[in-house]
There are 4 protein chains.
Amino acid sequence: MDLREKIIEAAEQVIQMKGLARSTTKEIAKKAGCSEGSLYNNFENKEDIFLHVLRGQLRNLMGVLTTLVDRKGIGTVRKNLEEVVNAALKDFYHSIPLMASIFSEPGLLIGYREGFIRSNEGPHRANETVEAYLHEEQILGRIQENINPRAAADMMLGSCFQYAFQMRFLGKEVTEEEKSRFINRVLDTLFQGLTSYKDN
Amino acid sequence: MDLREKIIEAAEQVIQMKGLARSTTKEIAKKAGCSEGSLYNNFENKEDIFLHVLRGQLRNLMGVLTTLVDRKGIGTVRKNLEEVVNAALKDFYHSIPLMASIFSEPGLLIGYREGFIRSNEGPHRANETVEAYLHEEQILGRIQENINPRAAADMMLGSCFQYAFQMRFLGKEVTEEEKSRFINRVLDTLFQGLTSYKDN
Amino acid sequence: MDLREKIIEAAEQVIQMKGLARSTTKEIAKKAGCSEGSLYNNFENKEDIFLHVLRGQLRNLMGVLTTLVDRKGIGTVRKNLEEVVNAALKDFYHSIPLMASIFSEPGLLIGYREGFIRSNEGPHRANETVEAYLHEEQILGRIQENINPRAAADMMLGSCFQYAFQMRFLGKEVTEEEKSRFINRVLDTLFQGLTSYKDN
Amino acid sequence: MDLREKIIEAAEQVIQMKGLARSTTKEIAKKAGCSEGSLYNNFENKEDIFLHVLRGQLRNLMGVLTTLVDRKGIGTVRKNLEEVVNAALKDFYHSIPLMASIFSEPGLLIGYREGFIRSNEGPHRANETVEAYLHEEQILGRIQENINPRAAADMMLGSCFQYAFQMRFLGKEVTEEEKSRFINRVLDTLFQGLTSYKDN
DNA sequence: AATGAATGAGAGTTCATTCAT
DNA sequence: TATGAATGAACTCTCATTCAT
């Protein structure tokens, strides 16, 4: 692994440990095993390092999503979504401290936006991808025609996102058991709907 | 309004404008119309001010929620939930930059937790409240028995939370039209369910 | 004397001792008897301090010049010019290290220019003032009609300027004796002219 | 041209563009088309490079001056001096930013002095050379006996020096027309003298 | 209670120089 | 001889906090 990669990894670790605001170049350099000067041979400035850390987030989820649409009609819808939700929960939980911290530094936020606007990427594309998948399954007749795929995607990923956020907020780790209980109850309800017998 | 309140308000405005990391005591004092010294006559330190700002967040939503359970059986479930979702979307959108920034300063996060643990409050209680309401409506037979009220609450509020987060992330304002489109499609889908015709 | 003045004075001393390039905020603060932070309570940045030091240069000469034109027709021209040349030599000698150093920092040069363009001042005005004086004396018939007052002013002040520059360059102090020898020979020659007997 | 020369030339260009204080080894190497390491294979250190740049200044003027004394009695005095003044103005204008910057780095100043003390050279020799020439012309009876050749030399070169300095200071380029106007008025006045009709 | 000048620790960043390749 | 990544000392500047007034 070259120094550049090492620095990004070190920076991520420092941010996870100390928080963005307490992440100093000194500490990043120490953890990367190089001098502070070397940071500046590899990156423009501290913000540039952080941007590279941010761009590496949600890798797992994005990987799962790139293959999702191709799995339309394959396996069960439930199983396919389960995989997505699992990856989402894991990645969100891991990334929340970094992704959220970005709001404390508008410069960073703007820099990050510019990055994914250029490449037409960004975290919000996850919802679009799930939406597209659900739409395909609707065409295949594997899920109800009259639900809104975007809303379903938003509820699925949104609940994971908020769950991860709140767990981090509360300083709680998530056990495998809690995780699968959460996932099952979300998917069950999603597949069921609230619809009452009569009116509502 | 006494100086204490003025300072908290000033601090919130400064954070909204500059971001937590670029919010200085000098600027807060200026906006509050007092000296930096006065900040320290009213609060222990800068973190203390921020904690008070944070505790003022989600006021709107929390207000709506305190009356929610009492409205079980009144009006339609849909209307009641609509009101919740509206308040949630508005408050989340407003508070995201502050709530998220907290992750950049672990000291702040810990201080905030301690505050709401003592008072058994916190943002995660919103979901519990909606859950309780839905449970009551199940008992009243106004919504399906076999959906999980917690999951429904999480999906509803979670999708709002993530939507607000992403809008802030992208630097987009939310028009009333987009907002109501989002809300309707979420509630429609929630009341419908994904259930396919046959298997899934 | 307030701190602001003390800092400017300290900065001038440090520059004279160490040169502009080796003048650090640390040392300026030390010599001014305050903290580095106080420098920034009184000035925007280091460059701002240097600009204020520069604006204080040539005070002596400028003082003499403001009264010069009013002395037209009073005393002898020679005596009046002697006074100017004396002040010029002294001020130039003192200021050369600062004024010259400015060229090493284009930002400083630009900042300095902006300052005196705004106030229609600057070192080049010295020559204009002497020119104006000589012109008045021409009108009074106390000096030849056919010499160019600007050229005479330029030669007088220019020779002083270069003399001061070279003495600094060589690291030589100028004794009173050398100084008056230089001045007399310049004024003698100026009052004499090179004109040959016949042609040239 | 060997690398050594290329480096000196590159350094001069960088100093002219960025100023001495903002001239980095990185940029000099880039402009010279070599690595930073090569700088140190050819010179002791950065200061050493700058010293070599400085020694290359005023080449033009020095060239004119070496032949000046030999032209005593040849052509007109005026024409001979005109040539000197032309070269001086040009060289001074070009070299001022470099020559002046030296004062910002006392180490450089001392190093430069040592260089020309060893070789009995230096910019101040220009004045001596013009003085010697004028003295010879006095002996030949082509200029007045009772003017001081040194003073005349100092005024001639001094006015050029200050003119060049001020033009650089003001950030003005000097057109050919302004230049010849300046030169003519200086030489006219030098050849005329201030001498009043009666006393002064 | 209110002030705001003074503080000083510590941050990010630059850059001449070195040395293994 | 040429390289250029790595270094680390030294720099400028920020800002929460204090305290004499």
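## Four protein chains and two DNA strands

In this predicted model, chain C can be laid on chain D with an RMSD of 0.1 Å by a turn of 180° and a shift of 0.0 Å along the axis, where copies are superposed by least squares on the C-alpha atoms of residues with pLDDT of at least 70 in both. Residues are numbered from 1 along each chain as its sequence is written, while chains are lettered from A, and ligands numbered from 1, in the order in which they are written. Because the model is predicted, local features need pLDDT of at least 70 and side-chain atom pairs count only at pLDDT 80 or more, whereas totals for chains, interfaces and linings use all residues.

**How the chains pair**

Between chain C and chain D, 51 residues of chain C are in contact with 50 residues of chain D, two residues being in contact if their C-beta atoms, placed from the backbone, lie within 7 Å. On the side of chain C that touches chain D, at least two residues each come from helix 6 (77–101), helix 7 (106–118), helix 9 (149–170) and helix 10 (176–192) of chain C; helices here are DSSP runs (H or I, at least four residues) and strands are DSSP runs as well (E, at least two), numbered from the N terminus. The most is given by helix 9 of chain C, with 14 residues. Since 98% of the interface residues of chain C are also interface residues in chain D, the copies meet through the same surface.

For the other pair, a rotation of 180° with 0.0 Å of shift along its axis superposes chain B on chain A, with an RMSD of 0.1 Å, and that is the relation of a two-fold axis. The same surface serves both copies, as 100% of the contact residues of chain B recur in chain A. Here 51 residues of chain B are in contact with 51 residues of chain A, and on the side of chain B that touches chain A it is helix 9 of chain B that gives the most, with 14 residues.

Other chains stay apart: no contact joins chain A and chain C, whose closest C-alpha atoms lie 21 Å apart, and chain B and chain C do not touch, their nearest C-alpha atoms being 12 Å apart.

**The surfaces by residue class**

The table sorts residues by class: Ala, Val, Leu, Ile, Met, Phe, Trp, Tyr, Cys and Pro count as nonpolar, Asp, Glu, Lys and Arg as charged, and the others, Gly among them, as polar.

| Surface | Nonpolar | Polar | Charged |
|---|---|---|---|
| Side of chain C that touches chain D | 23 residues | 19 residues | 9 residues |
| Side of chain B that touches chain A | 23 residues | 19 residues | 9 residues |
| Surface near DNA strand E | 6 residues | 16 residues | 9 residues |
| Surface near DNA strand F | 6 residues | 16 residues | 9 residues |

**Around the DNA**

Of the 31 residues around DNA strand E, those that come nearest are A:N45, B:G37, C:G37, D:T25 and D:N45; a residue is near a strand if its C-beta atom, placed from the backbone, lies within 6 Å of it. The elements that each supply at least two residues of this surface include helix 2 (25–32) and helix 3 (36–42) of chain A. DNA strand F is likewise surrounded by 31 residues, the closest being A:G37, B:N45, C:T24, C:K46 and D:G37, and helix 2 and helix 3 of chain B are among the elements that each supply at least two residues there.

**Inside the chains**

Chain A has 10 helices and 0 strands, and its C-alpha atoms fill a box of roughly 65 × 35 × 30 Å, taken along the principal axes. Of its 200 residues, 44% count as buried, which applies when 20 or more other C-beta atoms lie within 10 Å of a residue's own (exposed if 12 or fewer, partly exposed in between), with C-beta atoms placed from the backbone.

The largest nonpolar core has 122 residues, and those with the most contacts inside it are C:A11, C:M156, C:C160, D:A11, D:M156 and D:C160; such a core is a set of buried Ala, Val, Leu, Ile, Met, Phe, Trp, Tyr and Cys residues joined through C-beta atoms within 7 Å. D:C160 touches D:V85, D:A88, D:L89 and D:F92, not counting residues up to four places away in sequence. Apart from that core lies another, of 121 residues, among them A:I15, A:L61, A:L89 and A:I183.

In helix 2 (residues 25–32) of chain B, the residues B:I28, B:A29 and B:A32 are buried. Seen down the axis of helix 2 of chain B, its buried residues fall within an arc of 100°, so they line one face of the helix, the arc being that of the directions from the helix axis to the C-beta atoms. Their cover includes helix 1 (3–18), helix 3 and helix 4 (46–55) of chain B, and just after helix 2 of chain B, B:G33 takes a positive phi of about 70°.
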